Structure formats: C-alpha cells, structure tokens
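Thanks for passing this one along. Here are my notes, set out as numbered points for you to follow with the coordinates open.

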Amino acid sequence: LVPAENFIVSATSESSQNFKICQDIGAHCTTSNAEVAKAAIVFIAVKPHLVRPVLAECEFSDDALLISVATRVKLVALTEASRTRRVIRALPNTATRLCQGVAIYTYNKGQLTVVEQASVELLMDSLGSGRYVPESLLQPMSAVSACGMAYMYMGIEAMADGGVKAGIPRALAYELAAQTMKGAAVMVQETGLHPGALKDAVCSPGGSTIAGVHALEKSGYRASLMDAVEATFIRVKQLG
C-alpha cells in the first residue's frame, strides 16, 4: 500500500536489530520518537509498559492518526497519554507478517471521518482480514485469533508426528499437515458451510476418517481447544 521510503521508524539505537531491519527495507530510520510523531499516521509498536514513556516524548499534529498495537493498553489510556482522540487500537496476529492474518481493531468512530475510517479498514484488510469490533470484544477475540495461532501450530505438529509414525518422511508430513489445515480453513471461509457439515462430508460410513474422529472425541479434542481458549481469555483478563 505504501512504499518503504515513505516510512520513518524509530528504534532505541542505531545498532539495534529493528533499526537494521528497517534500513534494509528502505525505510528512513531514526532514534528520535519525536521525529516519528510528525508523520500523518503513527504506529505505536512497543511493549505495554513503554507506551506512556514513548508517547510522553511525542507531540502529534491535530490531524495525525495514532495506531497502537500494544496489548492491554486501552483507548482511554492511549488518548490520555497521547493527548489526542484520534486513536486506533489494533491487535494483529503473527500471520499478518505474510498478509495472511487477522487484525482486530477498534476506535471511537466519532473521532474519525468516513474517509479515514475507510482508510483504516483498507490498511487492516491488507494484513489478511481486518475486523472492526467494540473494544470490549478485543480480549476474547485475541484468545482465538492471536493466541490461537499457537494451537494451530500444535495441531500441525501433532498431525505431522502421526504421519511420521505411519511412515511418512518428516518434511513431507509437515507439508501435508500444513496444507491440509490451510485447505480446511479455506473450505470453511469459501463455502459458508458449518464446519460440522464439512466434517461429515469427509466421514464415510464405517470408513477410516470416522474412526479417527472417534479417537479424537475420546481424547477430548474439541473440549481441549475450548478449554485452551477459555484459559487464554481468563489469563488475558488477569493481565488487564
């Protein structure tokens, strides 16, 4: 969407990894947060405890948009610390690195023009799938879309291990497991069918797939995933 040379990025020092990465892609680099704050759109991508100190160094223009990807820092805190109401809070997952992820985001609609809202939507959609939600849904949704990435990786690893046990070379087993999970996800997204209906379509009467499904049910597969999301959500609330 935007050429790298149109970005200006600040890092703690010129020797830091982030500074070097940004230089390599052609972005302008600095160690001054105040210099970055002059941009039309400013991203805050630091650990939660660093948000206030970083924002204290910055003076934003009246028409600047501030997009924070810091977890657990709410809109009211961002607004107070930045001294601007034009704030977007976003929680992208790690797959946005390849523009195949989910970016959930929120903001106070009364503070952005219709054109600016459309620009934010375009930006978030460019990361894979952007979803505007009320701020109250950010925590439970992050338990699925952000933390859920780890659960999917574990599923791929477990399926591949099963393939290796059955005699498939490990590299091929990982490829098969990953593509199978990707294909299943696309089937859910593109067909609009209930996941249970898609599962039923694979299970022939007395066949091998239903035998595997039975084994998963006995091991509490679905309940384990539900428990994982619930445990994650509880922990997210505890952390604030």
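1. How many aromatic pairs does the count come to? Three, in what is a predicted model. Two of them are described next, and both involve Tyr 132.

2. Start with Tyr 105 and Tyr 132. Their ring centres are 5.9 Å apart and the planes meet at 65°, so this pair is edge-to-face; the cut-off for that label is over 60 degrees. Along the chain the partners are distant: Tyr 105 belongs to strand E6 (residues 101-107) and Tyr 132 to strand E7 (residues 128-132), with their positions 27 residues apart. Their surroundings are worth a look too. Tyr 105 counts as buried at 4% relative accessibility, whereas Tyr 132 is partly exposed at 31%.

3. Tyr 132 also pairs with Tyr 107, this time in a tilted arrangement, with 4.9 Å from centre to centre and 55° between the planes. Again the link joins strand E6, which holds Tyr 107, to strand E7, which holds Tyr 132, and the two residues are 25 apart in sequence. Tyr 107 has a relative accessible area of 5%, so this residue is buried. Taken together, Tyr 105, Tyr 107 and Tyr 132 make up one aromatic cluster.

4. Now please turn to the nonpolar packing. The largest nonpolar core has 16 residues, and those touching the most other members are Val 42, Ile 44, Val 51, Leu 55, Phe 60, Leu 66 and Leu 78. At least two core residues come from each of strand E3 (41-44), helix H3 (51-56) and helix H4 (75-82). H4 gives the largest share, three residues.

5. Ile 44 is a good place to centre your view. Leaving aside residues up to four places away in sequence, Ile 44 touches Val 51, Leu 55, Leu 66, Ile 67, Ser 68, Val 69 and Ala 70. A second core, separate from the one above, has ten residues, among them Ala 90, Tyr 107, Leu 112 and Met 124. Tyr 107 therefore appears in this core as a buried residue and in the aromatic cluster as well.

6. Finally, a polar residue: is Thr 30 buried or exposed? Thr 30 is buried, with a relative accessible area of 10%, and sits in strand E2 (residues 28-30). Its side chain reaches the backbone nitrogen of Ser 32 at 3.0 Å. Beyond residues up to four places away in sequence, Thr 30 touches Ile 8, Val 9, Ser 10, Ala 11, Phe 19, Glu 35 and Val 36.

Terms used. Residues numbered from 1 in each chain as written. Predicted model: local features only at pLDDT ≥ 70, side-chain atom pairs only at ≥ 80, totals over all residues. Heavy atoms only, no water. Phe/Tyr/Trp six-rings, centres within 6.5 Å; stacked < 30°, edge-to-face > 60°. Helix = DSSP H or I, 4+ residues; strand = E, 2+ residues; numbered from the N terminus. Buried < 20%, exposed > 50% of the residue type's maximum accessible area, 1.4 Å probe, protein only. Polar contact = N/O pair within 3.5 Å; in protein donor to acceptor, adjacent residues only side chain to side chain. Contact = heavy atoms within 4.5 Å. Core = buried A, V, L, I, M, F, W, Y, C linked by side-chain atoms within 4.5 Å.
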